[in-house]
Amino acid sequence: MNGVSYLLLPLGVLLVFTSAILSMVSASFSALTETMKQIARKKDRVFAQRLEKWMCSRREVLSAINIVDGLVTLLLIFVCLWWIDVQGISTYLPGWMLAMLLFTAATLFCELLPKLIGLAQPVFVLSICWPIVSGIHRLLEPIICLVLTWNDAWVNRFRSNLILSDGTLSLEELRSLLEVSEEEGGLQHEEAVLFQKIIRLSSEVANHCMIPRVDTFTLPDDLTNAQATVLIREMGYRQVPIRGETPDEILGILDTRNFLLSPERHYTGMLQPPSLVPETIQALDLLVAFQIQRKNAAILLDEYGGIEGLVTFSDLLEEIFDEDGHDHRNSPSIISIEGGRFLASGGLHLDDLGEVLGIDTSDFSAHTIGGMLIEHFGQLPRVGASMPLVNWEVCVRQISRKRVLEVLISPLQTIHTSSAVPPPLLK
């Protein structure tokens, strides 16, 4: 037994030394930069040429070094365990303590200290150990190339569903990266929430953020400056569309601040050309267009060229920076009441309704609850009219001459179980 012990001890020391050298070389090779290569070129051209050759196949060289290092470390662990068993040390110390001591010694002398040296002096280490690097690379090059080819094939196979054809990241992968960054402390919670809102905005079309035409404040072109000033001060909007003879004839956009500062000119002489964009344009694309063209408002058109609504630069920013999304003074809303029911305004977007109710509303061509009801009945429904919506019933509670103002949304299984009538949501 003592003879075996004498053989194991030098073998263990040799394996420790080999593992330390390999760890030091791996760290040096990873830390090698273009500046360091230029320094090596000035000192030794032959060695610099070797570095250039290795850098051309950097991935293969590092893989070969790491594989050999892993095999040496594994063999070292077996030798240490065998030596401990031969010496009978396990009878004096608990197994968990021996494992901790073994792990600490291997980490310190085979990994930590050698890698610190390699990171501090990469060129010096590689200049001494280049025969080791060259020998390992030549010995394992066929096997490494085969393994890396197989690895790339599997990675590309699983990555095809996450990476888009143009090489950009999918929305799902971006969300996953944000969650991982937040968990690892790379992003604060507020920053992660902000990025999530930007990602959500990139998947929305502009009509989700618009003020519908019926809710858009416009001015006719035949008012006096005094009359226009009164209305502008009363409403308080920065960008106001100026209409002609019909609501679909938008002559331009008035910057009310400039007009109020220079009221001597008629407001129709201070109009900016309107930006006419399709309602299906992506909201994030429209935000970028606002920044590039230095405009603050756009008119959304439907497929027939009619006006759908108005989107301003502030509307899009509110989608990102406001805690509750839309923050217009007349913003469509939905509130929860007793019995699992909801009161909602007729102008609420169907996407928002779907998020609250947990249903898919993409089958409707309309954008709002009111539009969905008009589409269902073929006309403006009367108060009390209702329609089923998956597991819910949408009942009209309040209308105006042209619009649905308020609806009551109830689960189908709880209809008629409560006689309480909530107060109107809208006035």
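Two strands count as paired if DSSP finds at least two bridges between them. That rule applies to the strand pairs in the views below. The model shown is predicted.

**View 1. Strands β7 and β8 pair and form a hairpin.**
Strand β7 covers residues 297-301. Five bridges join β7 to β8, and the two strands run antiparallel. One bridge to look for links A297 with T312 in β8. Five residues lie between the two strands of this hairpin. In the turn, G305 has a positive phi of about 90°. Is β8 mostly covered or uncovered? Strand β8 is mostly covered, with five of its six residues buried.

**View 2. Strands β1, β8, β7 and β6 form an open sheet.**
The order across the sheet is β1-β8-β7-β6, and the pairing is mixed. Which strands stand at the edges? They are β1 (211-212) and β6 (276-278). Each edge strand has a single partner strand, so one side of each is left without a neighbour in the sheet. Strand β8 spans residues 307-312. Its pairing with β1 is antiparallel and runs over two bridges. I211 has L310 in β8 as its bridge partner. P212 stands opposite G309, also in β8. In a regular strand, side chains alternate between the two faces of the sheet.

**View 3. Helix α9 has a buried side and an exposed side.**
Helix α9 runs over residues 225-235. Its buried residues are N225, A228, T229 and I232. Why do they share a side of α9? They cover an arc of only 100° around the axis, which puts them on the same side of the helix. An α-helix has 3.6 residues a turn, so residues three or four places apart point the same way. On the other side of α9, A226, V230 and E234 are exposed. What covers the buried residues? The cover includes β2 (219-220), β4 (250-255) and α10 (256-261). Just after α9 comes G236, with a positive phi of about 80°.

**View 4. Residue S28 is buried in helix α1.**
Helix α1 covers residues 2-31, and S28 is found in it. Is S28 buried or exposed? S28 has 0% relative accessibility. Buried means under 20%, so S28 counts as buried. Which residues does S28 touch, not counting those up to four places away in sequence? They are G118, Q121, P122, V125 and L126.

**View 5. Strand β12 pairs with both β11 and β13.**
Start with β11, residues 386-389, and β12, residues 392-399. Four bridges join these antiparallel strands. L389 has W392 in β12 as its bridge partner. The two strands form a hairpin with two residues between them. V390 sits in the turn and has a positive phi of about 55°. Now follow β12 to β13, residues 404-411. How many bridges join β12 to β13? There are seven, and these strands also run antiparallel. At one point along this pair, E393 stands opposite S410 in β13.

**View 6. The second largest pocket is lined by 23 residues.**
About 640 Å³ of space lies in this pocket. Which lining residues lie nearest its centre? They are E308, H367, T368, G370 and G371. The elements that give two or more residues to the lining are β8 and α14 (369-377). Helix α14 gives the most, with four residues. By class, the lining has seven nonpolar, seven polar and nine charged residues.

**View 7. One cavity of 30 Å³ or more is found in the whole structure.**
Rolling a probe the size of a water molecule over the atoms shows where empty space is left. How much space lies in the largest cavity? The answer is about 50 Å³. Its lining consists of Q239, I253, Q272, P273, P274, S275, K295, N296 and A297. Of these lining residues, four are nonpolar, four are polar and one is charged.

**View 8. The whole protein has 14 helices and 13 strands.**
The protein has 427 residues, and buried residues make up 37% of them. Consider the contacts with a separation of 6 or more. Residues 24 or more positions apart account for 54% of those contacts.

Key. Residues are numbered from 1 along each chain as its sequence is written. This is a predicted model: local features need pLDDT of at least 70, side-chain atom pairs count only at pLDDT 80 or more; totals for chains, interfaces and linings use all residues. Side-chain values use heavy atoms; hydrogens and water are left out. Buried means under 20% relative accessible area, exposed over 50%, partly exposed in between (1.4 Å probe, protein chains only). The arc is that of the directions from the helix axis to the C-beta atoms. Contact means heavy atoms within 4.5 Å. On a 1 Å grid over the protein atoms alone, a cavity is a set of points where a 1.4 Å probe fits but cannot get out, and a pocket is an open set with protein on both sides within 12 Å along at least five of seven lines; lining residues have an atom within 4 Å of a point. Grid points are joined across faces, edges and corners, and a volume is the space filled by probe spheres set on the points. Ala, Val, Leu, Ile, Met, Phe, Trp, Tyr, Cys and Pro count as nonpolar, Asp, Glu, Lys and Arg as charged, and the others, Gly among them, as polar.
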